[in-house]
Amino acid sequence: MLSKCLFSIFLIMLSSASLAKNWQVQMLNYGSGKDGGMIFQPAYIHASLGDTVTFIPTHSGHNAQSYVVPKDAKQWKTPLDKEYTVALDQEGIHLYYCPPHLMMGMVGVIQVGEAKNLSLVEKKAPRLRAKMALKPERIDALLANIQVP
């Protein structure tokens with residue numbers, strides 16, 4: 001009986017792990033068409049709890065750093081020019097940027113499930129936007145993608 005119970009628990013864990021998605025975000029010097037330069041692609045992700053996001057330095061000179069994270073989530077910072085994976089273990093919004101290229105408008109948003117920390121993001125986003133000399137409208141366009149019930 002114990003072995004059947006353990007086997008059932010193993011299958012449940014295995015099936016839930018296989019449902020998680022690994023999103024890939026490219027860090028680029030230039031995008032396609034209207035996106036212009038210094039972008040994360042995709043710049044907005046609506047992920048599920050348990051998913052991961054891997055930041056890929058497709059072009060050199062980039063990294064990503066969290067600015068706002070969901071309650072009880074840890075702040076994160078990717079190393080320069082290295083792949084790095086962030087586990088999405090709390091519902092809410094991650095607002096992040098590329099430290100070397102923030103003034104050029106290199107920002108991104110990850111929404112994990114419900115936008116539980118939207119009021120905090122709305123409070124802090126103007127401070128991040130003020131540091132953007134080019135393409136400050138990017139942050140507004142990304143925040144407009146956030147889905148609320």
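A salt bridge, for this tour, is a side-chain nitrogen of Lys or Arg within 4 Å of a carboxyl oxygen of Asp or Glu. By that rule the structure holds 3 salt bridges, and we'll visit each of them. Keep in mind that you're looking at a predicted model.

**Stop 1: the whole chain**

Start with everything shown as a cartoon. You should find 3 helices and 8 strands in the protein chain. Follow the chain along its sequence and the pattern goes α-β-β-β-β-β-β-β-β-α-α. Switch on a surface next: the protein chain exposes about 8500 Å², with carbon and sulfur atoms supplying 59% of that. Of its 149 residues, 39% count as buried. As for contacts with a separation of 6 or more, 66% are between residues 24 or more positions apart.

**Stop 2: the four-stranded sheet**

Now select β3, β8, β7 and β5. Together they make an open sheet of 4 strands in the order β3-β8-β7-β5, and the pairing is mixed. Which are the edge strands? They are β3 (44-47) and β5, each of which pairs on one side only. Ignoring direction, neighbouring strands of this sheet are turned by 25 degrees against each other on average.

Zoom in on β3 and β8 (residues 107-112). These two run parallel and are joined by 4 bridges. To see a bridge pair, pick Ile-45 and look across to its partner in β8, Ile-110.

**Stop 3: the helix across the sheet**

Add helix α3, residues 137-144. Helix α3 lies across β3, β7 (92-97) and β8, and runs at about 15 degrees to β8.

**Stop 4: from α3 to α2**

Stay on α3 and show the side chain of Asp-140. Asp-140 forms a salt bridge with Arg-129, and their closest N and O atoms are 2.7 Å apart. This pair links distant parts of the chain, with Asp-140 in helix α3 and Arg-129 in helix α2, 11 residues apart. Buried or exposed, or something in between? Asp-140 is partly exposed, because its relative accessible area is 36%. Arg-129 also counts as partly exposed, at 32% relative accessibility.

**Stop 5: two loops joined**

Next, select Lys-116 and Glu-91. Here the salt bridge has its closest N and O atoms 3.2 Å apart. Where do the two residues sit? Lys-116 is in the loop between β8 and α2 (118-129), while Glu-91 is in the loop between β6 (84-87) and β7, so the pair links distant parts of the chain, 25 residues apart. Lys-116 has 58% relative accessibility, so Lys-116 counts as exposed. Glu-91 is partly exposed, at 26%.

**Stop 6: neighbours in sequence**

Move on to Lys-34 and Asp-35, whose side chains meet in a salt bridge of 3.7 Å, N to O. Why does Lys-34 count as exposed? Because its relative accessibility is 76%, and the cut-off for exposed is over 50%. Asp-35, at 26%, counts as partly exposed.

One thought applies to this whole set of stops: side chains of opposite charge can pair when their charged atoms come close.

**Stop 7: a buried histidine**

Finish at His-59, in the loop between β4 (52-56) and β5 (65-68). His-59 counts as buried because its relative accessibility is 17%, and buried means under 20%. What does His-59 touch, not counting residues up to four places away in sequence? Select Met-27, Leu-28, Asn-29, Tyr-30 and Asp-81 to show these contacts around His-59.

Notes: Residues are numbered from 1 along each chain as its sequence is written. This is a predicted model: local features need pLDDT of at least 70, side-chain atom pairs count only at pLDDT 80 or more; totals for chains, interfaces and linings use all residues. Side-chain values use heavy atoms; hydrogens and water are left out. Buried means under 20% relative accessible area, exposed over 50%, partly exposed in between (1.4 Å probe, protein chains only). Contact means heavy atoms within 4.5 Å. Two strands pair if DSSP finds at least two bridges between them. Axes are lines fitted to C-alpha atoms, for helices over the stretch in contact, and angles run from 0 to 180 degrees between N-to-C directions. Accessible areas come from the Shrake-Rupley method with a 1.4 Å probe; for residues, only the protein chains shown count as cover.
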